[in-house]
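Open the model in your viewer and keep the selection tool at hand, since this tour moves from one selection to the next.

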Amino acid sequence: MVVATPSDVRKHLVPARAAGKRIGLVPTMGALHAGHASLITSCRKDCDVLVVSIFVNPTQFGPNEDLDRYPRTFAEDCRLCDELGVDLIYAPTTPAMYPPGFATTVRVEGLSSVWEGASRPTHFQGVATVVLKLFQQICPDVAWFGLKDFQQTVILSRMVTDLDLGVELKFGPTIREPDGLALSSRNRLLSPEDRAAAPVLYRALKRAAEAVSQGEEEVDRVRQILWDTLNSEPRGRVDYAEILDPVELTRLEGRFQGRPAVAALAVRFGEVRLIDNHPLTPASPRSREPRDPITAQFMGDDEHFRAGEG
Ligand SMILES: Nc1ncnc2c1ncn2[C@@H]1O[C@H](COP(=O)(O)OP(=O)(O)OP(=O)(O)O)[C@@H](O)[C@H]1O
Ligand SMILES: CC(C)(CO)[C@@H](O)C(=O)[O-]
Ligand code: BAL
């Protein structure tokens, strides 16, 4: 079943809520792939009524970004949702989400200005605003997001805490092609040559993660591994390649000293901008350090490749 307006989605969920059912939401921008399927499957097991939203949110795209080119495959998306046991697809139109006069935005300060936010200054306020609207319209008990968009998970967690939203956030692992490329709706916009070059992101992340797990202590040396590997592929233009604190998203300096970290990067191939990240787990982690839920899940993450191919 597909609904297209905030009032219809709210109305549709009234009986489920009255019956005390647990409502799960997987927000997407469509062009669904195995990464989305993995989140949907996890959410299916985690709720009674499963809602998938499909909305290419214009407010999270900058003026010169790829909103017009963003892939749209609605009929196929509906078929996949059907196969995966989705109860309700919520596919609002842009005027339904942003009627004339719309004037409110939510901004998570600080975290929204760095890394992805430095390249895409209004991106995360678009994301936070639309996710808050989806939460208000659907009132899910739980919502699932992918760790591929690591910064997004940190920002949305902050928003849920700061605004007392009472929605449980859960995070799914990054699903990859057999050659390591993280699945992304934008991969289909890559030329064959750029598609062949793009696994360099994963190679760089793996080399960095291996160095740390084998005892490399110097953050600068690991950062250099990322850059050297990415620079070995002339088709890619690096936007950023950094070693970050997974909670504050600040650039790490000095020695790891058992601290958990994340390697995060964004690389352009022609007009297509790809992001990826990987946990860096030190050889001897600080065992008693408390971990926030994202870091705990992220650091415990194994490699996930497309079923049957990896
Ligand atoms: N490879 C992946 N593995 C797991 N989850 C993913 C993957 N790719 C995207 N997701 C998650 O799916 C949800 C919807 O993402 P979205 O629809 O933007 O897809 P996308 O593939 O990230 O598209 P793009 O990066 O090209 O915008 C987000 O929570 C995102 O983190
Ligand atoms: C969370 C989201 C669906 C909001 O439009 C989007 O940012 C995405 O797909 O990651
Ligand atoms: N998943 C990221 C959505 C975007 O790039 O706008």
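The tour visits a ligand and its surroundings, and then a sheet with a helix on it.

Please keep in mind throughout that this is a predicted model.

Begin by selecting ligand 1, which is surrounded by 18 residues, and then look for the closest of them, namely Gly35, Gly146, Leu183, Ser185 and Arg186. Two elements give two or more residues to this shell, helix 2 (34–44) and strand 5 (142–146), and helix 2 supplies the largest share, with 4 residues. If you colour the shell around ligand 1 by residue class, you will find 6 nonpolar, 9 polar and 3 charged residues.

Next, select strands 8, 9 and 10, which form an open sheet of 3 strands in the order 8-9-10, with antiparallel pairing. Which strands stand at the edges? They are strand 8 (236–244) and strand 10 (272–280), and because each has a single partner strand, one side of each is left without a neighbour in the sheet. Looking across this sheet, you can follow how neighbouring strands are turned against each other by 15 degrees on average, direction ignored.

Now narrow the selection to strand 9 (residues 261–269) and strand 10, which pair in the antiparallel sense over 9 bridges. To see one of these pairings, pick Ala261, whose bridge partner in strand 10 is Leu280.

Finally, add helix 10 (residues 219–231), which packs on the sheet and touches strand 8, strand 9 and strand 10. When you compare directions, that of helix 10 makes about 160 degrees with that of strand 8.

Definitions and conventions. Residues are numbered from 1 along each chain as its sequence is written. Chains are lettered from A and ligands numbered from 1 in the order in which they are written. This is a predicted model: local features need pLDDT of at least 70, side-chain atom pairs count only at pLDDT 80 or more; totals for chains, interfaces and linings use all residues. A residue is near a molecule or strand if its C-beta atom, placed from the backbone, lies within 6 Å of it. Ala, Val, Leu, Ile, Met, Phe, Trp, Tyr, Cys and Pro count as nonpolar, Asp, Glu, Lys and Arg as charged, and the others, Gly among them, as polar. Two strands pair if DSSP finds at least two bridges between them. Axes are lines fitted to C-alpha atoms, for helices over the stretch in contact, and angles run from 0 to 180 degrees between N-to-C directions. Two residues are in contact if their C-beta atoms, placed from the backbone, lie within 7 Å.
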